[in-house]
Amino acid sequence: MSPRTWARFVLPALLLVAGLAVGSPATAATGDGSPTDPNISFVGRWNTSNSAAYVPYWAGAYLRTGFTGKTVKLRQRNTIDLWASIDGKPFTAFSKVSGTVNLTPTALAAGTHTLIVSYRQVAGSYTGDAVFQGLVLDSGATTVKPPARAKLVEFVGDSITAGTTSSQLAVTDYGFVTGEQLGVDHTQIAIGGMCLAETTDGCWAHETRYWMSSGGQAGTDQWNFARYTAGAVVINLGTNDKSHGVSGADFQAKYTTFLTRIRAKFPNAALIAMRTFIGRYAAETQAAVQARNAAGDANVYYVDTTGWLPADGLSDSVHPNDKGHAAIAAKLGPILAQRLNGTSALAATTDCPATTPATTTLAATPVTVWMAGDSTMMNASTCPIGWGSQFAPYFTSDVTVKNSAVGGRSVQTWLYEGNVTTVKNAAGECTLSSTAYSSRWTAMLNASTGIKSGDYLIIQFGINDGDTACPRHVGSARFKELLGVMASAAKARGAHPILVTPVAAITCSGSVAVGNRGFVTETKDAATANGVPVIDLHAKSVALYNSLGLCPNNGDYTSGAVGAFFCNDHTHFEAAGAKQIAGLIATALRAQNIPLAAYLK
């Protein structure tokens, strides 16, 4: 079904059946999970005129809340596809569901949880019933107001910005991914096939439809821009206009007008115009930005996206796949973070010929990389030298590394220094004399001087945790629990946790280096459970040892290649070895499209 057919038949029926043209919001019942519950945040463009049924419009609109208890269900009128994320974990798809939809088929642990739900966009040939009618909670449970997000970003575009051909559409799109990584609210004002300019052959165009609640019918259903204020508007348009005969001059003029009109709606927002990923209208897009700069609007930016997509980042000749969207988010995130943090504008590139677009280089927002771990990560100038001490040189000056790794610590003794006893409980875990955190963790959590939004926390434990005796002993379940405690605390502050499996010692089986650490699986499980990236340093370090030919050896760690890499043992590193281990982490950041990679030299 074409967008125009959808506008003529599906949208009016949806509004009529849902009763959205009538009714007024009912009195809010805090905590009950109803659409009017003030503990539920509806992000993006939603029709809320019917207090019993809220309808999301455009791509990427979602609801966000917290809830208590062990289960949560969603009241859904008719069949729809949707995605749900609980406690920051990857989104789970619920296909063709209706009625009361159980979002927790496996009950959760008792406690307070977070929830994000995004419906599949009703557009094109898809005519699902995207109508939110409330949440069903456990007896005695309530919703909980989610942590506030101070900023909101609009991503304006076409099928690329709607996530077409990615595995989970809008929620695996670069806009949604970037917003979640930055810890800001976000919405994608996009429908497949859209142009910037209205054309005689009927291409749906943002010059008329961006201003609408639904985008369904030009000139009607106008969006109330007082409903939210965007801190930034990211625009990716021009991919489709060429196929509809829009000239370069017309595109440039309409892009300039589009920027001007958006500025009137959001006077303080950063407007970011992206080069289309296939390069269409690149010069015209940059010229439109320059026109706004010349008119005195310094808070408008052109970003050259040349080279952003890896060779295998497309699912066809135009649309990014999941890897492509992740790569875009890794590049866009630092640029967008800078603009949201209010860094002063750069001079426009008005001296660049329009036919040769130049990259508007935006300095990255300074970030801090916090590190927690043991002796293989700690700072030192002589053996043992942890890889964390060699990490900073891989980054630009925008990165500050604060390494709080300490030798001999398990995750529990690092977190609860001095409060872990030598007595085990019935479960075999070392008991705590106090739940007071160590000074190092307290310092990281300090509201004014500790971890802040946009920072990173790299966590590597597992080498000392396997000790059978207390206080260092940590069991498998407890290990995963404590990694989750640290990851959740960082995420609550808008930071980005990265878990790292324990680095391998040098152990040879003949001429082959082999793995020798525990807690590798537990680290990966904790990453999955908390929805954060994991770098398998254990596997990467074993592969490095083999590439360097460090096996076989006779246990002499004082000479040759092994002596140059390790201290006088098989575990700790000389400076040269530590530097190479740090390099493995830097390489992994790029390979896994972790946004911190944007700060690498």
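**Exercise 1. Reading the disulfide pattern**

Counting bonded cysteines along the chain, the disulfides of this protein pair up as 1-2, 3-8, 4-5, 6-7. The model you are looking at is a predicted one. Your task: find how many disulfides there are, and describe the link of cysteine 195 and cysteine 203.

*Solution.* Start with the total: the count is four disulfides. Now turn to cysteine 195, which is joined to cysteine 203 with an S to S distance of 2.0 Å. The cut-off for a disulfide is 2.5 Å between the sulfur atoms, so this pair qualifies. Next, look at the twist: the angle about the S-S bond is 100°, and the link of cysteine 195 and cysteine 203 is right-handed. Finally, check the surroundings: cysteine 195 and cysteine 203 are both buried.

**Exercise 2. A bridge between distant parts**

Work out which parts of the chain are linked by cysteine 383 and cysteine 567, and decide whether each of these cysteines is buried or partly exposed.

*Solution.* First, the bond: the sulfur atoms of cysteine 383 and cysteine 567 are 2.1 Å apart, and with -95° about the S-S bond the link is left-handed. Second, the positions: cysteine 383 lies in the loop between strand E15 (367-373) and strand E16 (399-403), while cysteine 567 lies in the loop between helix H13 (560-565) and helix H14 (575-591). The two are 184 residues apart, so the pair links distant parts of the chain. Third, the exposure: cysteine 383 has a relative accessible area of 30%, so it counts as partly exposed. Cysteine 567 has 6%, so it counts as buried.

**Exercise 3. One more disulfide**

Describe the link of cysteine 430 and cysteine 470.

*Solution.* The sulfur atoms of cysteine 430 and cysteine 470 are 2.1 Å apart. The link is left-handed, with -100° about the S-S bond. Cysteine 430 sits in strand E18 (residues 430-432), and cysteine 470 in the loop between strand E19 (456-460) and H10, 40 residues apart. As for accessibility, cysteine 430 is buried at 4%, and cysteine 470 is buried at 13%.

**Exercise 4. Rings that meet**

Find how many aromatic pairs there are, then classify the pair of tyrosine 62 and phenylalanine 176.

*Solution.* The count is 29 aromatic pairs. In the pair of tyrosine 62 and phenylalanine 176, the centres are 5.4 Å apart and the planes make an angle of 55°. Stacked would need under 30 degrees and edge-to-face over 60, so this pair is tilted. It joins strand E4 (residues 62-68), home of tyrosine 62, to helix H3 (residues 174-182), home of phenylalanine 176, across 114 residues. Tyrosine 62 has 0% relative accessibility, so it is buried; phenylalanine 176, at 1%, is buried too.

For contrast, tryptophan 211 and phenylalanine 258 form an edge-to-face pair, 5.9 Å centre to centre with 70° between the planes. Both residues are buried, and they belong to one aromatic cluster whose members include Tyr210, Trp223 and Phe266.

**Exercise 5. Following helix H10**

What span does helix H10 (residues 476-492) reach, and which of its residues are buried?

*Solution.* H10 has 17 residues and reaches 24 Å from its first C-alpha to its last, close to the expected 24 Å. Its buried residues include Arg478, Phe479, Leu482, Leu483 and Met486. After H10 comes glycine 494, with a positive phi near 80°.

Terms used:
Residues are numbered from 1 along each chain as its sequence is written. This is a predicted model: local features need pLDDT of at least 70, side-chain atom pairs count only at pLDDT 80 or more; totals for chains, interfaces and linings use all residues. Side-chain values use heavy atoms; hydrogens and water are left out. Rings of Phe, Tyr and Trp (its six-membered ring) pair if their centres lie within 6.5 Å; planes under 30 degrees apart count as stacked, over 60 as edge-to-face and the rest as tilted. Helices (H or I, at least four residues) and strands (E, at least two) are DSSP runs, numbered from the N terminus. Buried means under 20% relative accessible area, exposed over 50%, partly exposed in between (1.4 Å probe, protein chains only). The expected span of a helix is 1.5 Å times one less than its number of residues.
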